[in-house]
Structures are given as C-alpha cells and as structure tokens.
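Me: Please take a close look at a single part of this structure. I would like one connected account, from that part outward to whatever surrounds it.

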Amino acid sequence: MQNPPVPVATDLKSYYDAVHFAIQTQFFDADHYIGKTCQIDIDLDDKGQLSGLHMRTGDLSLCTEALYAAKHAELPAPPSAEVHEKTKHMVIMFAPQ
C-alpha cells in the first residue's frame with residue numbers, strides 16, 4: 001500500500017491538514033483504537049514547532065498515543081504569519097476508522 005502524498009501547506013486548511021498528516025505519520029497502532037475518539041490541543045510557535053500540548057477530551061489510551069505522536073512529528077512551518085496567528089492554538093481530533 002502506497003502512502004498518500006504529504007499535503008503542501010499554502011493556506012489555513014492545507015496547513016491544518018499538513019499538521020494533522022505529520023502527526024498521523026507517527027501514529028502506528030490506529031487499528032487498536034477504532035471506534036474511539038480523542039481531541040488534543042497543540043500550541044505552535046511561528047516556525048511550526050510544538051510549544052504546548054495536552055489532552056482535551058476522549059479515550060485516555062488513544063489520547064496518550066496521539067500526544068506521543070504529536071511530540072515526535074516533524075511539523076511543518078506555517079506558510080504565513082496570518083496562518084500562524086490562526087493556528088498557533090489548534091485542536092486536533094483523532095477518530096481511527
């Protein structure tokens with residue numbers, strides 16, 4: 001199975017998608033969490049580096065994996081200062097299917 005291409009971040013939606021994709025590439029056991037959900041909060045600096053991270057709500061075991069994945073992901077830099085301003089505090093939802 002071929003991996004999907006890495007999203008190119010050019011605007012707000014594509015940047016969110018690129019951050020989510022980067023975290024998902026570090027998430028290795030998604031099949032164990034089918035039917036569960038988790039929301040995490042991430043804070044990013046202007047270079048796209050993680051400056052804060054915590055669980056918002058959801059299944060504890062899934063959220064633990066999501067937090068681990070976020071800590072180890074190579075996150076992209078935001079494409080502009082405007083996008084950074086809107087994404088410096090992000091909520092990311094995980095719901096493996």
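The part in question is strand 1, with its partners and the helices that cover it.

Reply: A note on the source comes before the details: this is a predicted model.

Start with the strand itself. Strand 1 covers residues 38-44. It is mostly covered, with five of its seven residues buried. Strand 1 belongs to an open sheet of three strands, ordered 2-1-3. The pairing in that sheet is antiparallel. Strand 2 and strand 3 stand at the edges, each with a single partner strand, so each has one side without a neighbour in the sheet. From one strand to the next, the twist averages 20 degrees.

Now take the two pairings in turn. Seven bridges connect strand 1 with strand 2, and the two run antiparallel. Leu44 has Leu50 as its bridge partner in strand 2. These two strands form a hairpin, with five residues between them. In the turn, Gly48 has a positive phi of about 85 degrees.

On the other side is strand 3, residues 89-94. Six bridges join it to strand 1, again with an antiparallel run. Gln39 finds its bridge partner in Met93 of strand 3. Asp41 has Val91 of strand 3 as its bridge partner.

Asp43 deserves a stop on the way. This residue lies in strand 1. Is Asp43 buried or partly exposed? Its relative accessible area is 23%, so Asp43 is partly exposed; the buried class ends at under 20%. Beyond its neighbours within four places in sequence, Asp43 is in contact with Gln49, Leu50, Ser51, Gly52, Lys88 and His89. Of these, Leu50 is the bridge partner of Leu44. Thr87 is 44 residues from Asp43 along the chain, yet their C-alpha atoms are separated by 8.0 Å.

At residue 38 the strand has a covalent link. Cys38 and Cys63 form a disulfide, with their sulfur atoms 2.0 Å apart. Cys38 lies in strand 1 and Cys63 in helix 2, so the disulfide ties together parts that are 25 residues apart in sequence. A search of the whole structure finds one disulfide. What is the handedness of the disulfide between Cys38 and Cys63? The torsion about its S-S bond is about 120 degrees, so the disulfide is right-handed. Both cysteines are buried: Cys38 has a relative accessible area of 1%, and Cys63 has 0%.

The disulfide leads on to helix 2. This helix runs over residues 60-72. At 1.5 Å a residue, its 13 residues should span 18 Å, and its end C-alpha atoms are 18 Å apart, which agrees. Six residues of helix 2 are named as buried: Leu62, Cys63, Ala66, Leu67, Ala69 and Ala70. They cover an arc of only 160 degrees around the axis, which puts them on the same side of helix 2. Leu60 and Lys71 are exposed on the other side of helix 2.

What do the buried residues of helix 2 pack against? They pack against strand 1, strand 2 and strand 3, and also against helix 1. Helix 2 lies across the three strands. It runs at about 165 degrees to strand 2.

Helix 1, residues 12-24, packs on the sheet too. It touches strand 1 and strand 3. Its direction makes about 55 degrees with that of strand 3. Strand 1 is thus touched by helix 1 and crossed by helix 2.

One more residue belongs to this corner of the account. Ala9 sits in the segment before helix 1. With 21% relative accessibility, Ala9 counts as partly exposed. Aside from neighbours within four places in sequence, Ala9 is in contact with Ser14, Tyr15, Ala18 and Pro79. Pro79 is 70 residues away from Ala9 along the chain, and the C-alpha atoms of the two are separated by 6.2 Å.

Back to strand 1, to close. Strand 1 pairs with strand 2 through seven bridges and with strand 3 through six. Its Cys38 is in a disulfide with Cys63. Five of its seven residues are buried, while Asp43 is partly exposed.

Definitions and conventions:
Residues numbered from 1 in each chain as written. Predicted model: local features only at pLDDT ≥ 70, side-chain atom pairs only at ≥ 80, totals over all residues. Heavy atoms only, no water. Helix = DSSP H or I, 4+ residues; strand = E, 2+ residues; numbered from the N terminus. Expected span 1.5 Å × (residues − 1). Buried < 20%, exposed > 50% of the residue type's maximum accessible area, 1.4 Å probe, protein only. Arc of directions from axis to C-beta. Contact = heavy atoms within 4.5 Å. Disulfide = S-S within 2.5 Å. Pairing = 2+ DSSP bridges. Axes fitted to C-alpha atoms, helices over the stretch in contact; angles between N-to-C directions.
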